[in-house]
Amino acid sequence: MTPDEIKRRLERILLKVQKPGRYVGGEYNQIVKSWQGVKTRVALVFPDIYDIGIPNLGIAILYDALNRRSDVLAERAYAPWVDMEEEMRRAGIPLYALESKHALIDFDIVGLSLPYATLYTNALNLLDLAGIPVRAQQRQDNQPLVIAGGQSTFNPEPMAAFIDAFVIGEGEMIANDIVDVHQQWRDSHTSRQDLLRALSQISGVYVPSLYEPQYHPDGTVAAIEKLYEKTPLPVVKRIVPVMPPPPTRFVVPSIGVVHNRVSIEIMRGCSRGCRFCHAGMVNRPVRERSVAQIIDAIQEALDATGFEEVALLSLSSSDYTNIVELVETIIRRFEGKNLTISLPSLRIESFSVDLLEQLKGARQGSFTLAPEAATDSMRSIINKPIASEQLLETARHIYCRGWKTIKLYFMIGHPCETLNDVKAIADLCHAVLAEGRKIIGRRANLHIGVSTFVPKPHTPFQWVACDSLENITAKQDLLRKQLHGAGLKLNWSDPKDTMLEAVLSRGDRRMAEVIYLAWKGGARLDAWQDQVNHHAWRSAYDEAGLDPCFYTHRQRPLDERLPWDHINTGVSRRFLARDFLASQEGKLRPDCRLLCHACGILPLFRDLRPHNLDSRWKCPDSISEELSPSPEDA
């Protein structure tokens, strides 16, 4: 279907749906290029609605990087809400890119962002809506190459049947490599199989059709076999050695979205070593942008967008080496501009309060902290040593300086957790609110978010079982009974949603059939509590003959080959096993910047260390070589 025909049909349906502005494009700073004037056309697709997808920094980075090339155009597409999907299917409108209104099937490459596993059925739905065969093996030479990247693809196996190639790791450099290989393949006029084989030779690219898993009779993975001798095994993640200048010409949304702001990534990676944290493990090593580069990027982005909020993003903002200098420079440079500057992911200490106190406009709404656990034993297990008195002291600083609301995030369902550990969460919350009442009276508020732990791949807890539904329900009931009343607000996650996330993130390649059947049965928008269709998922498990408990509630022995073991994040399997055993003994590991634990990331990327890694990272060669990842680890 031509863009003109898509536009004509859109005109007839847009007034029938909520928020037509999601579907029209034309935003300030969008990039429109001549369709015929480029060699490669890339559609960047976020498989959730516009309101969620347009602030996504990963899409913004790739949009900027690809459009800098004169021979490439990159355009955007998002998932329609249920009303718009119904109208599009009824009117025969395929999924299209906002900039040019070309159907996605007209593009050379379709890049899907998969930051979390509950987007999987959305991804299938968007491919189908675009008219692209959902299963990779059914695509023809003249149909788009479907690429996927994002945090959830560090276990790519559940989506292996639907994706031509996965980007493992950071995409800025790989995106250009993929385009180059695609252009060479098109000029060669060879088969799609030749393209896939060529893509597999790019560092950080995993082509699932060139590998085949073998299984033991008990259902566990026996081996991953190469079907093409030149494919790497394991596939090692790609990292950007030096963080490039960040994007600054952000697309300004035409409607209100979850974040109308400039997002500047100040550092990548984290050295804290929280054992439950997937992002902290797979995004190593720590790399930082300079203060000058950050300040210049903020100025450029404000000039280009008119936004009035700036978010300085990282996994642990107060660990940024020059955080004090950065905050002081921002204050001097942007004084009187009425900007709101947010620093998410701050440590629980008065220093964090001092940082936000200095930032004009930051005291809006609440102050967020994530203690995760409330007893010393649980803190030692998860490696997040935050004393209760330290949290109370920080709370006193917050309430004293004018904030009325504190948000605390906890996680239940940790390994070895007891009801007493959960009760301690309620007790600690009451103690925090009591500190606020002493300082500002009944104006003090405390909001508590309680999520349920999912043991993620490539973390020290990857071998443990999920907590049972009965235990989760009992723990939530305890918190609901104890955390209510004036000044308290409790939010929690549905245990069924948690189990769905767990099975999708921990599954093997056989889960693809379940995902497909669930989508055919009506599952989509699974990240939305009012849309998730658990009946469709139960039916899909039954039809596929798979028991979800095999993936969720089964403790895995340390010598079991895991579905994602052929993906090497740079953190060795031996290190993860040692850290898991340390958790069972309640042993803490200090910050990696204080003491190297030989996780494997530094020797794996040894050539980065002299000029890019922080000098505080100490990794003795004799230890690092002994404990670096080896073929046996995968």
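1. Start with Glu170 and Arg287: their side chains come together in a salt bridge, with N and O 2.8 Å apart. Keep in mind while you look that this is a predicted model. Glu170 sits in the loop between strand 5 and helix 6 (171-188), while Arg287 belongs to strand 12 (residues 287-288), so this contact ties together parts that are 117 residues apart in sequence.

2. Is this pair buried or exposed? Both Glu170 and Arg287 turn out to be buried. They also have company: a network of salt bridges links Glu170, Glu172, Glu265, Arg268 and Arg287.

3. Next, have a look at Arg139 and Asp164, whose side chains form a salt bridge at 3.2 Å, N to O. Here the two ends are 25 residues apart, with Arg139 in the loop between helix 5 and strand 4 and Asp164 in the loop between strand 4 and strand 5 (165-167). Arg139 has a relative accessible area of 5%, so we call it buried. Asp164, at 3%, is buried too.

4. Now find Glu513, which makes a salt bridge with Arg135; the closest N and O atoms are 3.0 Å apart. Glu513 is in helix 17 (residues 511-520) and Arg135 is in the loop between helix 5 (120-130) and strand 4 (145-149), so the pair connects parts 378 residues apart in sequence. Arg135 is buried, at 18% relative accessible area, just under the 20% cut-off. Glu513 has 33% relative accessibility and therefore counts as partly exposed.

5. How many salt bridges does a search of the whole structure find? The total is 47, and the pairs Glu170–Arg287, Arg139–Asp164 and Glu513–Arg135 are good ones to click on.

Technical notes:
Residues are numbered from 1 along each chain as its sequence is written. This is a predicted model: local features need pLDDT of at least 70, side-chain atom pairs count only at pLDDT 80 or more; totals for chains, interfaces and linings use all residues. Side-chain values use heavy atoms; hydrogens and water are left out. A salt bridge is a side-chain nitrogen of Lys or Arg within 4 Å of a carboxyl oxygen of Asp or Glu. Helices (H or I, at least four residues) and strands (E, at least two) are DSSP runs, numbered from the N terminus. Buried means under 20% relative accessible area, exposed over 50%, partly exposed in between (1.4 Å probe, protein chains only).
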